[in-house]
Amino acid sequence: MSALQVLKAAPHTDGQRAAHHRHPGPHPGPRRAGALCKVHWVPSHIGVRGNEAADEAAREATRHPAVALTVLPSIQGAKVLARRAAICAAEQQYRQLVQTSRQAAWHKQATKNNEPLRPAQQLSRAEEVVLHRLRLGYVTLDELRDGFEERPCEHCPHMTPHPLSHYLLSCLATERLRQCVGPESAAALVRQFQKNLPLLLEVARAAPPPR
Ligand SMILES: [Zn+2]
């Protein structure tokens, strides 16, 4: 439909108003000023052989049955898909690990299913290492040795077969922490401590966790 046909089909009898109705350009000035606006049809492409052929080809194409094409994703789309697949695979692997690995189960409990830690302050490398170890529920070197039964705590007179659990649950050096959170399993306590990182770091600096 040509522009003139559009204007003619418009509900306005006034051609000027119809032109503005259909083509609300950035310059409404003439209408406000009461100027007369004339629209002329120009036979620009009528009868041009190539143009007629292009029009006919376009009309012909609309009569073809619809074709469903598989469009490959863009690079950005492919990256998003790959990222989702990687996250999905990692989560699946994590779920399997939690079933079989004591440290993964600890990490799940200590981080509330991998909830990221958001410290309110910039931590030193040593402090980050301490927090990371607590979240992983690491095993001390002594526990890895054959025949290990128990070892003395570095901060109180206790002998313990589970140095980290003792440090978190019953060591005198960390008593201040437990007063804030209440008795829970060692891994759950780590999660609770993270709500008050400054206190946790203060205690860990004065009395480092067992290694
Ligand atoms: Zn102790």
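Two residues are taken to be in contact if their C-beta atoms, placed from the backbone, lie within 7 Å, and the legends below apply this criterion to a predicted model.

**Figure 1. Overview of the helices and strands in the predicted protein chain.** The protein chain contains 12 helices and 2 strands, and, read from the N terminus, its elements follow the order α-α-α-α-α-α-α-α-β-β-α-α-α-α. Of its 211 residues, 13% count as buried. When contacts between residues at least 6 apart in sequence are considered, 45% of them join residues at least 24 apart.

**Figure 2. Close-up of the contact of helix α6 with helix α11.** On the α6 side the residues that take part are W106, Q109 and A110, and these meet A187, A188, V190 and R191 of α11. By residue class, this contact comprises 5 nonpolar residues, 1 polar residue and 1 charged residue. The axes of α6 and α11 come within 7 Å and cross at roughly 35 degrees, and the crossing in which α6 passes α11 is right-handed.

**Figure 3. Close-up of the packing of helix α5 on helix α6.** Helix α5, spanning residues 75-100, packs with helix α6, spanning residues 102-110, at an angle of about 115 degrees, and their axes lie 6 Å apart. Because angles of 65 to 115 degrees count as roughly perpendicular, α5 is described as roughly perpendicular to α6. The crossing of α5 past α6 is left-handed. Y94, L97 and V98 of α5 meet A104, A105 and K108 of α6, and the residues of this contact divide into 5 nonpolar and 1 charged, with no polar residue among them.

**Figure 4. Close-up of helix α12, with its buried and exposed residues.** Within helix α12, which covers residues 197-206, the residues L200, V203 and A204 are buried. Seen down the axis of α12, these buried residues fall within an arc of 100 degrees, and they therefore line one face of the helix. On the other side of α12, by contrast, P198, R205 and A206 are exposed. The elements against which the buried residues of α12 pack are α7 (125-136), α10 (175-181) and α11 (186-193). Helix α11 thus appears in two of these views, since it is packed against by the buried residues of α12 and is also met by W106, Q109 and A110 of α6.

Conventions
Residues are numbered from 1 along each chain as its sequence is written. This is a predicted model: local features need pLDDT of at least 70, side-chain atom pairs count only at pLDDT 80 or more; totals for chains, interfaces and linings use all residues. Axes are lines fitted to C-alpha atoms, for helices over the stretch in contact, and angles run from 0 to 180 degrees between N-to-C directions. Helices (H or I, at least four residues) and strands (E, at least two) are DSSP runs, numbered from the N terminus. Angles under 35 degrees count as roughly parallel, over 145 as roughly antiparallel, 65 to 115 as roughly perpendicular and the rest as oblique. A crossing is left-handed if the near helix is turned anticlockwise from the far one by less than a right angle, and right-handed if clockwise. Ala, Val, Leu, Ile, Met, Phe, Trp, Tyr, Cys and Pro count as nonpolar, Asp, Glu, Lys and Arg as charged, and the others, Gly among them, as polar. A residue is buried if 20 or more other C-beta atoms lie within 10 Å of its own, exposed if 12 or fewer, and partly exposed in between; C-beta atoms are placed from the backbone. The arc is that of the directions from the helix axis to the C-beta atoms.
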